[in-house]
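I opened a fresh page for this structure and meant to note what I looked up, entry by entry. The sequence and the model come before the notes.

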Amino acid sequence: MDSYLYAAARTPFGRFGGALAEHRPDDLAATALRAVLAKAPGVDPERIADVVWGCANQAGEDNRNVGRMAVLLAGLPVSVPATTVNRLCGSSMDAAMAAARMVETGDAEVVVAGGVESMTRAPWVLPKPSRAFPAGNVTAVSTALGWRLVNERMPEEWTASLGECNERLAEEFGVSRERQDGFAARSHNAAHAAWEAGFHDDLVVPVGDLTRDEGIRPGSSAEKLAALKPSFRAGGTITAGNASPLNDGAAALLIGGAGLGPDPLARIAGRGAFALAPQRFGYAPVEAANRALARAGVTWDRVGAVELNEAFAVQSLVCVDAWLGAGLADAELVNAKGGAIAIGHPLGASGARVIGTLAHRLRESGERWGVAAICIGVGQGLAVVLENTSTGRA
């Protein structure tokens, strides 16, 4: 049995402390959930067998199974169950993969997958003392991003900051600061052009006064970005301009079997997961995508669109270089509508965002095969292959 993507919807992605700062993550999740179901009015919500929702933090207002909170806040029938999954940056792609498996095994006819993150509203946390009434001070730890409350048994090289890990990747593959800045500038300008052309209009539902992704900087150039100082090491290559920012937002996908009612956007044709040493997480999408394509029975030379979550310009570039070496026809096929450096990377929402964008790109271009991929902190990557169902299966 095949699984299909029928609809995709998301909120605009807001800047850290920006226009979505007043909106709770469970409310953002409910907004995306309502929006994706509104695109399939013929699908009775009572038919939804499950909601699988991604969230990387779950330390604050997104605790207590935020997927189920979204179902209740969205006004769905209380009979609709929900679960929340956590694969850090890949959480909502993991959710979509799980939803597809449920459909393909016959466990469900209709599943909603998606994810949410409010990095603005992520709380500070305090560890509980091991004994009563300790006399010393305690430190509040931010849960917005990265390692916190690290196990002392973890090797130091595994627990380096995400930025430092990517500085090492730049050294390993010889990726220059200039090349990273050029990639980042392209992301901003492509995202702006896509919004101006109306590409995102059918994908994004406004939240309050925010109607577009808040972090896009039209007119960006490598020359302008070159003026920014390195963020993670003296003389380094990674800056605030060539890495994804902290963001708030939610995204949702409607997944089901054949004949659900509306025409599907795409068939979910392959899935792949891969892991390597934690500090090399940025390179993990390479093999995850290769595995997804192999399971779909497709080679890189047949791929007409790629959506790769841009956690950092350097990790995006080394992934694209590897895929070009494997047969991908052109680097311009990757993130033609901009990527996370411009659009934003609210961790739990990004996987669903790239899948939805990919499906709409395939429909716009008429290309048959596409790949969505994402890197994940602590050394993992995920990928999904979509087949454009409007092209037939020649």
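Does N65 count as buried, partly exposed or exposed? I looked this up at the outset, keeping in mind that the model is predicted, and I found that N65 counts as partly exposed because its relative accessibility is 28%.

**Entry on two positive phi values**

I then placed N65 along the chain and found this residue in the loop between β3 (48-54) and α2 (66-73). Its phi caught my attention, since the angle is near 60°, a positive value in a residue other than glycine. I reminded myself that most residues other than glycine have a negative phi. I noted V378 under this heading as well, for V378 has a positive phi of about 75° although it is not a glycine. I located V378 in the loop between β11 (369-376) and β12 (380-388), and I wrote down that V378 is partly exposed, with a relative accessible area of 39%.

**Entry on a surface patch**

V378 came up again when I turned to the surface, where L88, W147, V150, M154, W158 and V378 form a nonpolar patch. I recorded about 460 Å² of accessible area for these residues together. From this patch I picked M154 for a further look, and found M154 in the loop between β7 (141-142) and α4 (162-173). M154 counts as partly exposed because its relative accessibility is 35%.

**Entry on helices α5 and α8**

Next I asked myself at what angle helix α5 (residues 177-196) and helix α8 (residues 313-326) pack. The answer I noted is about 90°, with the two axes 9 Å apart, and α5 and α8 are therefore roughly perpendicular to each other. On the α5 side I listed R179, Q180 and F183 as the residues that make the contact, and on the α8 side A313, V314, S316, L317 and D321.

I stayed with Q180, which is found in helix α5, and I saw that Q180 counts as buried because its relative accessibility is 0%. Leaving out residues up to four places away in sequence, I found that Q180 touches A170, V175, T237, I238, N242, A313, V314 and L317. I also checked Q180 against R168, and these two are twelve residues apart in sequence and 14 Å apart in space, C-alpha to C-alpha.

D181 is found in helix α5 too, and I noted that D181 is buried, with a relative accessible area of 1%. With neighbours within four places in sequence left aside, I found D181 in contact with A222, L225, A226, T239 and N242. For one of these partners, L225, I wrote down a C-alpha separation of 6.0 Å from D181, although the two are 44 residues apart along the chain.

**Entry on salt bridges**

I closed with the charged side chains, remembering that side chains of opposite charge can pair when their charged atoms come close. How many salt bridges does the count come to? I wrote down 23 salt bridges, and I followed a few of them by name.

I began with R24, which is partly exposed, with a relative accessible area of 32%. D26 forms a salt bridge with R24, with the closest N and O atoms 2.8 Å apart, and I noted that D26 is buried, with a relative accessible area of 6%. E61 also forms a salt bridge with R24, and here the closest N and O atoms are 3.8 Å apart. I placed E61 in the loop between β3 and α2 and R24 in the loop between β2 (14-15) and α1 (25-38), so this pair ties together parts that are 37 residues apart in sequence. For E61 itself I recorded a relative accessible area of 23%, so E61 is partly exposed.

I then looked up E387 and R267, whose side chains meet in a salt bridge at 2.7 Å, N to O. E387 lies in strand β12 and R267 in strand β9 (residues 266-275), so the pair ties together parts that are 120 residues apart in sequence. I noted that both E387 and R267 are buried. My last note is that salt bridges that share partners join D2, R267, R368 and E387 into one network.

How values were computed
Residues numbered from 1 in each chain as written. Predicted model: local features only at pLDDT ≥ 70, side-chain atom pairs only at ≥ 80, totals over all residues. Heavy atoms only, no water. Patch = residues over 30% accessible without salt bridge, like charges linked within 9 Å, V, L, I, M, F, W, Y side chains within 5 Å. Areas by Shrake-Rupley, 256 points an atom, 1.4 Å probe, with all protein chains shown as cover. Salt bridge = Lys/Arg side-chain N within 4 Å of Asp/Glu carboxyl O. Helix = DSSP H or I, 4+ residues; strand = E, 2+ residues; numbered from the N terminus. Buried < 20%, exposed > 50% of the residue type's maximum accessible area, 1.4 Å probe, protein only. Axes fitted to C-alpha atoms, helices over the stretch in contact; angles between N-to-C directions. Parallel < 35°, antiparallel > 145°, perpendicular 65-115°, else oblique. Contact = heavy atoms within 4.5 Å.
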